Amino acid sequence: MTARMDNRFAALKAEGRPALITYFMGGDPDFDTSLGIMKALPEAGADIIELGMPFSDPMADGPAIQMAGQRALKGGQTLSRTLELARKFREGDDKTPIVMMGYYNPIYVYGVDRFLDDALAAGIDGLIVVDLPPEMDDELCIPALKKGINFIRLATPTTDDKRLPAVLKNTSGFVYYVSMTGITGSALPDPSLVSSAVNRIKGHTNLPVCVGFGVKTADHAKAIGAAADGVVVGTAIVAQIAGSLTRDGKAGPDTVASVATLVRGLATGVRAARLVAVE
Amino acid sequence: MNQTPLPNSFRSGPDEDGRFGIFGGRFVAETLMPLILDLQGEWEKAKNDPAFQQELAELGAHYIGRPSPLYFAERLTEHLGGAKIYFKREELNHTGSHKINNCIGQILLAKRMGKTRIIAETGAGQHGVASATVCARFGFPCVVYMGATDVERQAPNVFRMKLLGAEVKPVTAGHGTLKDAMNEALRDWVTNVEDTYYLIGTAAGPHPYPEMVRDFQAVIGREAREQILEAEGRLPDLVVAAVGGGSNAIGIFHPFLDDEGVQIVGVEAGGRGLEGVEHCASITAGSPGVLHGNRTYLLQNGDGQILEGHSISAGLDYPGIGPEHSWLHDIGRVEYVPIMDQEALDAFQLLTRLEGIIPALEPSHAIAEVIKRAPKMRKDQIIVMNLSGRGDKDIFTVGKILGMEL
């Protein structure tokens, strides 16, 4: 595997706090702005970057991320442009792990082997592909692991103890616990339920367990981060971008800055998380 | 083309992972995976349960009106001057199309599984109406997702669904057609996993849907096969059906797949022509990809983004096709051809005048193909075509195109 992911989690463990994992859609609203956002994330406190790959039919996403994907596609974003985004980012940052997240079809059409080679060359550390459950591991998961790219699996409230071993079997990097049944951007679930779910998963794996879906504010990040090894924020960031655009959907003067401000706030949340846990 | 040897039977698929060759599979979010595994288990049990099969057969006979007649279209045959044309009259079923066959089967499964809420997607509204109907009959609340464009062009069916007690949710994403309705239904399902059963209307989606829907629809082909043997003492030379997602087509095709002498043709929506993007001919003009839980032929661009198709018929307006059709195409057992909007419209009018049957715009595509082929065949040859739905729902669309005030 690429070393960046393990190094990052080891460093966070030494610091005694959970990771802040930030999702944004590659190419939203345009390539250059998107690159600006990506470059601003680590400095604002993001520990791991989830780079969204736009898809025309995002079946597991709520309206905010659906619209972000549409904006990106309208702006000419393609899978190879999303890889290009990562490559450009890597020119100035060789430490922050990048996880590409999206749906399988664009990768399948690009060609799995070609995609994995190009992703590795672009400095990608992991993949999250929503519509590839363990039953479909031969498609992309196994080839990715062979090339040294982490395949990060989603575990959900419907993943019971019987199924968890199958879900965790070929997972690497970290486990992404989807805190609720539903689409991205729904309401935050009860942190105590999340905490017991995280502990349940930890009974089956030594990998870090990160939690996403529904985390929008520093307080959420703090509450969820108390039990988890990482907190994923997506819809809130994407909504921040949407709110900063001009009336015709172009990048506004403070699009990048407003995302950075939001992420700085979230970063204080994860940094306060374990203080709560110790109390 | 595929170089692997042909299988001994064309009717043995899918394998245990839900694959027909490279097509099919289970490409769904983890949240849904336990649900479709449950469904598969329940379906395996139900399929082999005589009580389930008996209930299905009784509802088929007394509620749907099965068997549907196999009708010799005498005047159309005479008019075309070639092969004898028979229609499998699925438009005479309760609710006016083949869709009810599948809905009755799945509602019985939902009941067995203890589900309390039904969701469905619909294009032309035929599946929505059939879903709303079985929900009324079995006392389930029902939510139907329908593209906003389709809500507008299929107003009579929207009203029927509402009368039957269903909630119709218009979907404005994308072009507001069947694909977008299916995305939204999947989003509902992934949110309401505990109590909700997703009643998919076509032989597509994650395994076991393509197999299960086919098996519920295969009653069409089984009856047609028996009926033509009784009427003519032999099997047909040609079987024809329209293909959107492909449930009426796989339903009539499947029982004939191993009959070597029977040629089989699926008719896709050619829309305004295959040169541009205004068509829904996934097999003729698409390429393999992954959408809505299965790998199959799709209309997509070079970046794997799904295109919005076009068809005059809302029921064929879908950029994909059931995975078994993709496989039957690749191995060469079934031939898939496009029919343009205008040809379907002409066929619609011809059948109405010659046989006194107003067909839906979906099977009008199949009729147009029959019109092309029958004159080139001998008079002792036989065509069986699936007349999958009635056209009452389409009279406003057709009226508008013909410039008539309704």
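**Notes on chain B: two domains, a helix pair and a partner chain**

1. Let's start with the spacing: in this predicted model, the C-alpha centres of domain 1 and domain 2 of chain B sit 22 Å apart. As for where those domains run, the assignment puts 20-53 + 99-213 of chain B in domain 1 and 64-97 + 219-402 in domain 2.

2. How far can you trust what you see? For chain B, the pLDDT averages 95, and 99% of the residues reach at least 70. For the model, ipTM is 0.95 and pTM is 0.95.

3. Next, have a look at where the two domains of chain B meet. Domain 1 brings 40 residues into contact with 38 residues of domain 2. On the domain 1 side, at least two residues each come from β2 (23-27), α4 (99-112), α5 (126-138), α6 (148-153), α7 (155-163), α8 (178-191) and α9 (209-217) of chain B. Sorted by class, that side of domain 1 holds 19 nonpolar, 16 polar and five charged residues.

4. Two helices from that list, α4 and α5 of chain B, are worth a look as a pair. A pair of packed helices is described by the distance between the axes and the angle between them. For α4(B) and α5(B), the axes come within 9 Å and cross at roughly 40°. An angle from 35 up to 65 degrees counts as oblique, and α4(B) and α5(B) are therefore oblique to each other. Their crossing is right-handed.

5. Which residues make the contact between α4(B) and α5(B)? From α4(B) come B:Lys99, B:Ile100, B:Cys103, B:Ile104, B:Ile107 and B:Lys111. Facing them, α5(B) offers B:Gln126, B:His127, B:Ala130, B:Ser131, B:Thr133, B:Val134 and B:Phe138. Taken together, the residues of this helix contact are seven nonpolar, four polar and two charged.

6. Finally, turn to the other chain. Here 26 residues of chain B are in contact with 33 residues of chain A. On the chain B side, the elements giving two or more residues are β2, α1 (33-47), α8 and β11 (287-291). Which element gives the most to this side? That's α8(B), with six residues. By class, the chain B side splits into 12 nonpolar, eight polar and six charged residues.

7. One link to keep in mind while you rotate the model: β2 and α8 of chain B appear on the side of domain 1 that touches domain 2, and β2 and α8 also appear on the side of chain B that touches chain A.

Conventions. Residues numbered from 1 in each chain as written. Chains lettered and ligands numbered in written order. Predicted model: local features only at pLDDT ≥ 70, side-chain atom pairs only at ≥ 80, totals over all residues. Domains from an automatic or database assignment. Contact = placed C-beta atoms within 7 Å. Helix = DSSP H or I, 4+ residues; strand = E, 2+ residues; numbered from the N terminus. Nonpolar A, V, L, I, M, F, W, Y, C, P; charged D, E, K, R; others polar. Axes fitted to C-alpha atoms, helices over the stretch in contact; angles between N-to-C directions. Parallel < 35°, antiparallel > 145°, perpendicular 65-115°, else oblique. Left-handed = near helix turned anticlockwise from the far one by under 90°. pLDDT = per-residue confidence, 0-100.
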